[in-house]
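Please examine the structure below with attention to its polar contacts and its metal site. The explanation that follows takes these two topics in turn.

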Amino acid sequence: MIRLATAALLAAGLMSGLAQAHELRHDDLRIAHPFATPTPPGAVSAGAYVDLEVTGETPATLVGAHSPASEAVEIHTMEMADGTMRMRPLPELTIAPGAPVRMRPGGGHHLMLIELAAPLREGERFPLTLEFAERGEVEVEVWIQEASEGSAAADGHHGH
Ligand SMILES: [Cu+2]
């Protein structure tokens with residue numbers, strides 16, 4: 001019984017440690033909980049999501065991304081056009097001070113992994129490099145999680 005409780009505590013400690021490690025700062029840029037949703041066999045593309053925030057006075061501009069997980073990574077937006085949801089690539093994405101970008105499955109901004117090297121399997125992780133204008137490149141680790149789990153975990157990085 002005691003052993004079990006200790007193990008649970010250890011696991012909880014480990015989990016929170018990992019959750020905290022899954023956020024990084026790059027100068028005044030805060031990057032939280034990059035995740036991607038699992039794909040069925042044969043899928044050629046997948047969405048990836050990350051929360052980006054600037055804590056300083058200068059906007060940050062995401063100009064691209066790349067990953068060994070896919071041939072290309074595009075910045076996408078999803079919006080209603082003529083009554084249908086359409087995805088459209090963006091050349092860049094600006095993160096203004098006070099206006100964090102929180103990507104979530106189901107709409108809005110996301111990163112699109114084009115031509116996957118292999119299906120994304122839940123529980124696995126892969127590196128992704130974000131390219132910022134004037135701020136250089138930042139490598140993050142993307143966790144493969146179901147949409148609801150990833151979204152909840154990402155929300156947990158913010159005090160609300
Ligand atoms: Cu897309």
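A polar contact is here a pair of N or O atoms within 3.5 Å; within protein, one atom must be able to donate a hydrogen and the other to accept it. The model to which this criterion is applied is a predicted one.

Consider D51, a residue of strand β3 (residues 45-54). Its side chain is joined to that of R104 by a polar contact of 2.7 Å. A polar contact of 2.7 Å also links the side chains of D51 and H158. Is D51 buried or exposed? Its relative accessible area is 3%, and because buried means under 20%, D51 counts as buried. Beyond the residues up to four places away in sequence, D51 touches R30, I31, A32, V101, R102, M103, R104, A154 and H158. Both polar partners, R104 and H158, thus appear in this list of contacts.

The second topic is the copper ion. Which protein atoms serve as its donors? They are ND1 of H76, SD of M87, NE2 of H110 and SD of M112, at 2.1 to 2.3 Å from the ion. Along the sequence, these donor residues follow the spacing H-x10-M-x22-H-x1-M. H76 belongs to strand β5 (residues 70-81) and H110 to strand β9 (residues 110-116); the two are 34 residues apart, and the pair links distant parts of the chain. H76 and H110 are both buried.

Why is the arrangement around the copper ion tetrahedral? The four donor atoms subtend angles of 93 to 116°. Four donors count as tetrahedral if all angles lie between 85 and 135 degrees, so the arrangement is tetrahedral.

Methods. Residues numbered from 1 in each chain as written. Predicted model: local features only at pLDDT ≥ 70, side-chain atom pairs only at ≥ 80, totals over all residues. Heavy atoms only, no water. Donors = N, O, S within 2.8 Å, 3.2 Å for Na, K, Ca; no water. Tetrahedral: all angles 85-135°; square planar, octahedral: opposite > 155°, others 65-115°. Helix = DSSP H or I, 4+ residues; strand = E, 2+ residues; numbered from the N terminus. Buried < 20%, exposed > 50% of the residue type's maximum accessible area, 1.4 Å probe, protein only. Contact = heavy atoms within 4.5 Å.
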